[in-house]
Amino acid sequence: MTRRRGRTPWWQPLVVLVALIGLWYAAAASYARQELAFLVPYPHLVLRAMVADPTFTPQLLRNLGNSTVVALTGLVIAIAIGVAWAVLMAQARWIERSLYPYAVILQCIPILALVPLIGALFGYEFASRVIVTVMISIFPMVSNTLFGLQSVDRAQRELFALQGASTWTVLTKLRFPAALPSLFVGLRTAAGLSVIGAIVGDQFFQRGTPGLGVLIQVSTSRLNGPGTFAAILTASLLGVAVFLLFGWLRTLVVGRWSDAA
Amino acid sequence: MPVAPSAAAPTAAVTTSLLEFSDVEMTFPDGTVALRGVDLTVGRGEFVTVVGPSGCGKSTLLRIASGLEHASAGTATLRTDRIGYVFQDATLLPWRSVKANVELLAELNGVGRAERARKAAAAIELVGLGGFERHLPKQLSGGMRMRASLARSLTLDPELFLFDEPFGALDEITRERLNDELLRLFVQRQFAGLFITHSVSEAVYLSTKVVVMSGRPGGIVRTFDVPFPLPRDPDIRFTAEFADLVGHVSHALREGHA
């Protein structure tokens, strides 16, 4: 069977959504009969908690704001360090060989194992949340940017060499622009991870300005089913929004000339 | 019968050589000998084409000429710093428009904005890309990309033009048309040209001199002077004399390969 490439008709995902909501109602009804409504609350109650519950919604929005700030702060730091790290490694083979293993090791560390230490060292507030976010989201920035910087072909580099171009000129006029499509791939992945980092950070660092992760825990412990689901859904939407935002940014910056999707 | 004064000697004798190879040898770090005993001169108003089997070091020859690599033995003398280098691929920067691509080399050499734009506009006009200034490389055909690449080199106003199989990836018709335009440029500007190609007929059509190289290690087997006058009529390709010369070059190529 051949698949037609192009835009998915808008109604197809919608059919799935309707089916899923239908299943959700069925499950909620079944749990309600067992008097366990807080485990799977009705969708309309969740929606109400998200947008129209006078006691819950303001708190949800406040925590959403806090998580967004943590995710974006972490992401900006991950971008800055990640790109600088990649640019440094792209300068010479021996620098890459010396530094790349640490990027991999950072990626391999189970962050959760480090969390108690991070809390003890940096407190149980904003700073620790951001550090966790940076650690979770930095690797795709490093690896994709490095890949992009090294994707420049030899003839293009020689074109610059023949004019006696400096390392800096080659970086700014050739290698960095050439790396942008790949950098954006890393950016989109890192952005998604930064939301995860912000929520994970909340699970352990509950002081200061609490985010969605804290709200999920608090709601769960109070058997507030609609609140739990509302916070989880909001966190998911934040992830989707960030993913779409960076996809759109990519199209804006490199979509005109780059073939890569 | 009076002896003709030397001033009336054919122009080839009085050309100043811009590129001179003397006993050039190239051995790569892994021990492969790519070139051996190469003597070659290219002067103003000369268009020298090098044909040879794949891997015979043709490209290495060009890389040494341009200074991208250095000969391991012998001397390569360059008497100009205005060198145009046309790569196998167009090597355009995909994020730059045709105009910005053509301006690149001048930009790298610190030429001011207005002067850059003027040079680029003239070069774009010269290669027949007028009207495509704002197009991106991916919106152009292979032939048009090559024209843009050619225009980019022209902004340097090169005295020595080096071509590394620039039209190898193009279809026959586009290749022939670009050959004609290159010849027109050559007649107009009288630069010194060193052109690498696989195609014997392209070599004969373009050049004032065809150099045949042998397989590894690459050395010059034979040199043919091309007697056809410039500017050349494209129909010269269908004459018996042209076919004869193509035949001779092909023979030499085959012998060198054996």
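Across residues 19-240 of chain B, the predicted model is 33% helix and 26% strand, with the end C-alpha atoms 33 Å apart. In an unreviewed UniProt entry, residues 19-240 of chain B are listed as "domain: ABC transporter".

Backbone geometry was examined next. Most residues other than glycine have a negative phi, and most peptide bonds are trans. Several positions in chain B depart from these tendencies, as described below.

B:T91, although not a glycine, has a positive phi of about 45°. The residue is placed in the loop of chain B that runs between β5 (83-86) and α3 (98-108). Around B:T91, 22 other C-beta atoms lie within 10 Å; the residue is therefore classed as buried, the cut-off being 20 or more.

A positive phi is also found at B:D157, a residue other than glycine, where the value is near 50°. B:D157 belongs to the loop between α5 (142-154) and β6 (160-164) of chain B. With 13 C-beta neighbours inside 10 Å, B:D157 counts as partly exposed, because this class falls between the limit for exposed residues, 12 or fewer, and that for buried residues, 20 or more.

The remaining feature concerns a peptide bond. The bond from B:L230 to B:P231 is cis, and its omega is near -10°. B:P231 is located in the chain B loop that separates β9 (220-225) from α8 (240-257).

Definitions and conventions
Residues numbered from 1 in each chain as written. Chains lettered and ligands numbered in written order. Predicted model: local features only at pLDDT ≥ 70, side-chain atom pairs only at ≥ 80, totals over all residues. Helix = DSSP H or I, 4+ residues; strand = E, 2+ residues; numbered from the N terminus. UniProt positions renumbered as here; feature names shortened; annotations may be inferred.
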